Amino acid sequence: MLMNSLVELDRAHLVHPVASYRGHEKAGVRVLKSGRGATVTDAGGHELIDGFAGLWCVNAGYGQERIVEAATRQLRELPYATGYFGLGSEPAIRLASELADRAPGDLNHVYFTLGGSDAVDSTVRFIRYYHHALGKPEKDQFISVMQGYHGSSTVGAGLTALPSFHAGFGLPLDWQHKIPSHYSYRNPVGSDPQAIIDASVAALRAKVEEIGAERVAAFYVEPIQGSGGVLVPPDGWLRAMRDTCRELDVLFVADEVITAFGRTGPLFACADDDVVPDLMTTAKGLTSGYCPMGAVFLSDRVYDTIADGAGAAAVGHGYTYSAHPVSAAVGLACLELYEGGLLDNGRRAGARLMAGLHAMADHPLVGEVRGRGLLAAVELVTDKARKTPLPAAADPARRVFDRAWDNGLVVRAFPTGVLGYAPPLCCTDKDIDRILERTRRTLDQTL
Ligand code: PLP
């Protein structure tokens, strides 16, 4: 009864993110009620392993008492403090300092946002300001990568390169450019890693030349493309792109909204490639989804140029909820959990997940298995030799998602016929084995 009324209220009033509104009205909402560890339970009592950590964000897992206590303490003591007027709060200052200590290279300055989209938006504003401060206002063109995702704000959605974020919105804007993805499974240059790296470098050079280096402000990458279908670049790709940017005097932005905080192993995925970006964005695992928060990291050079450029004037960028103390307290608790064992457990669980998914490569529907750490994907095909995608018209993603759900597994089913995995770092061996067993069962039923 209660459930029926929730479904009706949802249908009538709640606008869902990235959904077919009419399709959703027809299907009705599934209400999640509780979570513990890597398990969530819906309002009907159906228990599921959350193989996607909510939206690749609940890295610490559900029911972490230390996070709940930190948030509760902060809510009681001081639920809000602005960063305007030279004010601040202890958790925000401490979190900025702890993060800067651990961030790659000289990314020593942290600007807190509410999530990933406004973190990306903030980088665009900072970068524009930086080039103005250097006396190069004409450097106002931005390049990103096809199949990339950089959020859903008016500006960031144009850096995003997924069709449904553009169609009907008049995006991308005319200063937003793209180069092809490194996606190796169906790459026109083949799957040789060096050939893929060379092609990406050549594409970036060609794009910068086409626009004019004196006009290109920045290049955006995800260390692993997440929403494009978990596309893992060859080793050395990130470094080659960073080096090319340096050579061409283009700022290099690493969007680590998904990949940071243990998702691929270390706290920051850039560390895997020994790459120091000029700016870096994070969100999701920063607070493990317990409270909204994102963070932009600025290198000394970028920060100092902006600061000196502004002089005594205010840099006019900020939100009411920048550096929210409750989110910051949650962030500090998450960091303690990551370093107190979760990163290590995540690495172990990731190795087990990857080994188990690779063991499924013989399944008739599995075209490719890829991933790093606890970020993985299985690309489904109907014909392995031809790499034929599942027929799009039948919405296979939705069918696979529904079947997996019935089997007690939450998995991301991309419309391209890719299954995405990003389970919490607290996963036990048993949790991982359940994810694998339920995936195989779901694939067998999809044959
Ligand atoms: N950047 C990347 C790489 C993301 O994956 C996302 C979200 O998935 C965003 C930005 C946007 O973050 P948010 O949804 O918190 O606004």
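Q: What makes up the shell around the ligand, by residue class?
A: This is a predicted model, and its shell around the ligand has seven polar, five nonpolar and two charged residues. Keep in mind that Gly goes into the polar class here.

Q: Which residues come nearest to the ligand?
A: Out of 14 residues around the ligand, the nearest are G115, G116, S117, G151 and V257. To be counted as near, a residue needs its C-beta within 6 Å of the molecule.

Q: Which element gives the largest share of that shell?
A: Helix α6, residues 116-133, with three residues.

Q: How do you know whether α6 keeps to the expected span of a helix?
A: Take the 18 residues of α6: at 1.5 Å a residue, the expected length is 26 Å, and the helix reaches 25 Å from first C-alpha to last. The two values are close.

Q: What makes α6 "mostly covered"?
A: Buried means 20 or more other C-beta atoms within 10 Å. In α6, 13 of the 18 residues are buried, so "mostly covered" fits. Just past the helix, G135 has a positive phi of about 80°.

Q: Which residues of helix α10 are buried, and how do you know where they sit around its axis?
A: In α10 (residues 300-310), V302, Y303 and I306 are the buried ones. The arc they cover around the axis is only 95°, so they sit on the same side of α10. Exposed D300, R301 and D308 are on the other side.

Q: What do the buried residues of α10 pack against?
A: Their partners are β4 (109-113), α6, β9 (279-282) and β10 (294-298). Right after α10 comes G311, with a positive phi of about 60°.

Q: Why is A53 called buried?
A: The cut-off is 20 or more other C-beta atoms within 10 Å. A53 has 28 such neighbours, so it counts as buried. This residue belongs to helix α3 (residues 53-56). Its phi is near 45°, a positive value in a residue that isn't glycine.

Q: Why is K387 called partly exposed?
A: Exposed needs 12 or fewer neighbours and buried needs 20 or more. K387 has 13 other C-beta atoms within 10 Å, so it lands in between, as partly exposed. Look for K387 in the loop between β12 (375-383) and β13 (388-389). It isn't a glycine, yet its phi is positive, about 55°.

Q: What is the strand order of the open sheet of four strands?
A: The order is β1-β2-β3-β14, and the pairing is mixed.

Q: What makes β1 and β14 the edge strands?
A: β1 (32-36) and β14 (409-410) each pair on one side only.

Q: How do you know that β2 pairs with β3?
A: At least two bridges are needed for a pair. Strands β2 (residues 39-42) and β3 (residues 47-50) have three, so they count as paired, and they run antiparallel. T41 has E47 as its bridge partner in β3. The two strands form a hairpin with four residues between them, and G45 in that turn has a positive phi of about 90°.

Q: How many bridges link β1 and β2?
A: Four, in the antiparallel sense. R36 is bridged to T39 in β2. Their hairpin has two residues between the strands, and G37 takes a positive phi near 60° there.

Q: What makes strand β16 covered on both faces?
A: In a regular strand the side chains alternate between the two faces of the sheet. In β16 (residues 418-421), V418 and G420 are on one side, L419 and Y421 on the other, and all of them are buried.

Q: Which strands pair with β16 in the antiparallel sense?
A: Among them, β12 pairs with β16 over four bridges, with A376 bridged to Y421. Strand β15 (residues 412-414) pairs with β16 over three bridges, including F414 to V418. In the hairpin of β15 and β16, three residues lie between the strands, and G417 there has a positive phi near 80°.

Q: Where does the cis peptide bond from L171 to P172 sit?
A: Omega of that bond is near -5°. P172 is in the loop between α7 (156-159) and β6 (176-179).

Methods
Residues numbered from 1 in each chain as written. Predicted model: local features only at pLDDT ≥ 70, side-chain atom pairs only at ≥ 80, totals over all residues. Arc of directions from axis to C-beta. Contact = placed C-beta atoms within 7 Å. Expected span 1.5 Å × (residues − 1).
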